[in-house]
Amino acid sequence: MLYSKHMHWSEVHVLEGTEPFALKEFVNAHGWRSLAPFHWDAGDSCLSHVRALPGGGSGAWHVTQAAPTEWRVTLQAAAPLCDSDREVLLEGVRWALRLDESFAGFHALCRDHAPLRRAAVQGQGRLLRSPDLWEDLVKTLCTTCTTWARTQSMVRALCDRWGELELATERRTFPTPVALAAAGPHELRAAGLGYRADTLYRLAERLVSGELDPNTLRSSDISTDAVRRALIALPGIGPYAAGNLLMLLGRYDHLAIDSWLRRVVREGWFSDRTDLTDAEIERAFQPFGSWKALVYWFWDWSR
DNA sequence: TTCCAGGGGTAGA
DNA sequence: TCTACCCATGGA
């Protein structure tokens with residue numbers, strides 16, 4: 001634990017996970033790593049994130065792989081971290097990397113299907129998520145009815161305009177609900193959010209008022225159906241967005257059916273039939289039970 | 001100019 | 001439950 005030459009606080013921790021996985025393959029399993037304020041340094045195989053801290057100010061974490069189940073985490077901040085801020089950052093790393101989640105059931109299923117065996121052999125199934133669920137709610141909203149390039153630019157614009165500058169990394173945090181509620185729908189629209197501006201503003205207001213605490217949705221005491229109903233009750237969250245968020249929450253029994261999934265499944269399993277319905281897609285995934293979303297993500301569609 | 005993109009909400013049947 | 005329509009925005 002020391003001050004760097006730029007007088008920023010830095011400290012190193014080692015976190016242990018329960019199941020081995022490769023950081024590089026994990027980070028590249030889906031697109032979330034390219035959404036701010038995540039930063040993936042492919043050369044150093046280092047994943048970073050910056051976030052606002054409850055004690056005020058902000059902090060950064062940088063993760064590299066130390067061993068199959070060991071992670072070297074460097075925390076950075078403008079000043080020494082208090083215990084609660086350190087805990088928030090480290091808990092965020094555990095959550096983002098899913099260090100406490102087991103994929104043994106998924107891998108058992110994978111061994112029965114040739115296009116999934118690679119996933120079992122390589123220990124796949126883990127999908128990166130943001131340290132904070134509010135951040136993933138907003139990011140998911142920004143994936144609706146747009147291109148991936150625009151999703152990236154929308155999320156970047158939110159950070160650039162309403163995020164806090166983290167001094168050690170000179171990167172901007174993801175904006176808090178307070179910041180986006182204060183911005184208002186007109187400013188959000190002007191930042192390129194389009195019709196999502198109104199729903200995003202309403203979502204931020206619900207969090208600020210205390211009407212919604214998204215972290216209650218992280219509880220394992222609630223049934224998946226109850227979580228799904230709560231998600232769909234939120235402004236701007238429909239079946240696709242709820243499916244994506246359930247997957248990020250570690251519940252894989254619902255598909256997030258979007259134009260990309262429709263195309264992949266149509267070409268892979270239905271001879272490119274143009275009249276394929278969502279109901280037929282749902283039925284095709286029914287045999288995979290509580291692992292449907294991961295089966296879609298890790299199925300070897302090139303076979 | 002028109003169409004569509006890793007959809008959601010609403011009205012009407 | 002299903003369908004039709006609208007919702008901003010930018011790139012092809």
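Q: What makes a residue count as one of those that surround DNA strand B, and which are the closest?
A: In this predicted model, 19 residues surround DNA strand B, the closest being T146, G236, A241, S259 and W260; a residue is near a strand if one of its heavy atoms lies within 4 Å of that strand. Of the atoms of DNA strand B that come within 4 Å of the protein, sugar and phosphate account for 64%.

The conventions behind these values are as follows. Residues are numbered from 1 along each chain as its sequence is written, while chains are lettered from A and ligands numbered from 1 in the order in which they are written. Because the model is predicted, local features need pLDDT of at least 70 and side-chain atom pairs count only at pLDDT 80 or more, whereas totals for chains, interfaces and linings use all residues; side-chain values use heavy atoms, with hydrogens and water left out.

Q: Why is the approach of A241 to a phosphate oxygen of DNA strand B called a polar contact?
A: A backbone N or O atom of A241 lies 2.8 Å from a phosphate oxygen of DNA strand B, and a polar contact is a pair of N or O atoms within 3.5 Å (within protein, one must also be able to donate a hydrogen and the other to accept it, and residues adjacent in sequence count only if both atoms are side-chain atoms), so this pair qualifies. Y240 meets the limit as well, with a backbone N or O atom 3.3 Å from a phosphate oxygen of DNA strand B, and a polar backbone atom of S259 is 2.9 Å from a phosphate oxygen of that strand.

Q: Which helix gives the most to the surface near DNA strand B?
A: Helices here are DSSP runs of H or I with at least four residues, and strands are runs of E with at least two, numbered from the N terminus. By that reckoning α10 gives the most to this surface, with three residues, and α10 (239–248) and α11 (259–269) each supply at least two.

Q: How do the residues of the surface near DNA strand B divide by class?
A: They divide into 11 nonpolar, seven polar and one charged, where Ala, Val, Leu, Ile, Met, Phe, Trp, Tyr, Cys and Pro count as nonpolar, Asp, Glu, Lys and Arg as charged, and the others, Gly among them, as polar.

Q: Which residues surround DNA strand C?
A: DNA strand C is surrounded by R150, R189, G194 and Y195, and by class this surface has one nonpolar, one polar and two charged residues. An N or O atom in the side chain of R189 is 2.8 Å from a phosphate oxygen of DNA strand C, while a polar backbone atom of Y195 is 3.4 Å from a sugar or linking oxygen of DNA strand C.

Q: Why is the pair of F21 and F26 called edge-to-face?
A: Rings of Phe, Tyr and Trp (its six-membered ring) pair if their centres lie within 6.5 Å, and planes under 30 degrees apart count as stacked, over 60 as edge-to-face and the rest as tilted. The rings of F21 and F26 have their centres 5.3 Å apart and their planes at 70°, so the pair is edge-to-face.

Q: What makes the pair of W269 and F285 tilted?
A: The rings of W269 and F285 are 4.8 Å apart centre to centre, with 40° between the planes, and the pair is tilted. W269 lies in helix α11 and F285 in helix α12 (residues 278–285), so the pair ties together parts that are 16 residues apart in sequence. Both belong to one aromatic cluster, whose members include W260, W297 and W301.

Q: How do you know whether W269 and F285 are buried or exposed?
A: Buried means under 20% relative accessible area, exposed over 50%, and partly exposed in between (1.4 Å probe, protein chains only). At 26%, W269 is therefore partly exposed, whereas F285, at 0%, counts as buried.

Q: Why is E170 called exposed, and where is its place?
A: Its relative accessibility is 64%, so E170 counts as exposed, and its place is in the loop between β7 (165–166) and β8 (171–172). E170 has a positive phi of about 55° although it is not a glycine.

Q: Why does D272 count as partly exposed?
A: D272 has a relative accessibility of 40%, so it counts as partly exposed. Its place is in the loop between α11 and α12, and D272 has a positive phi of about 60° although it is not a glycine.
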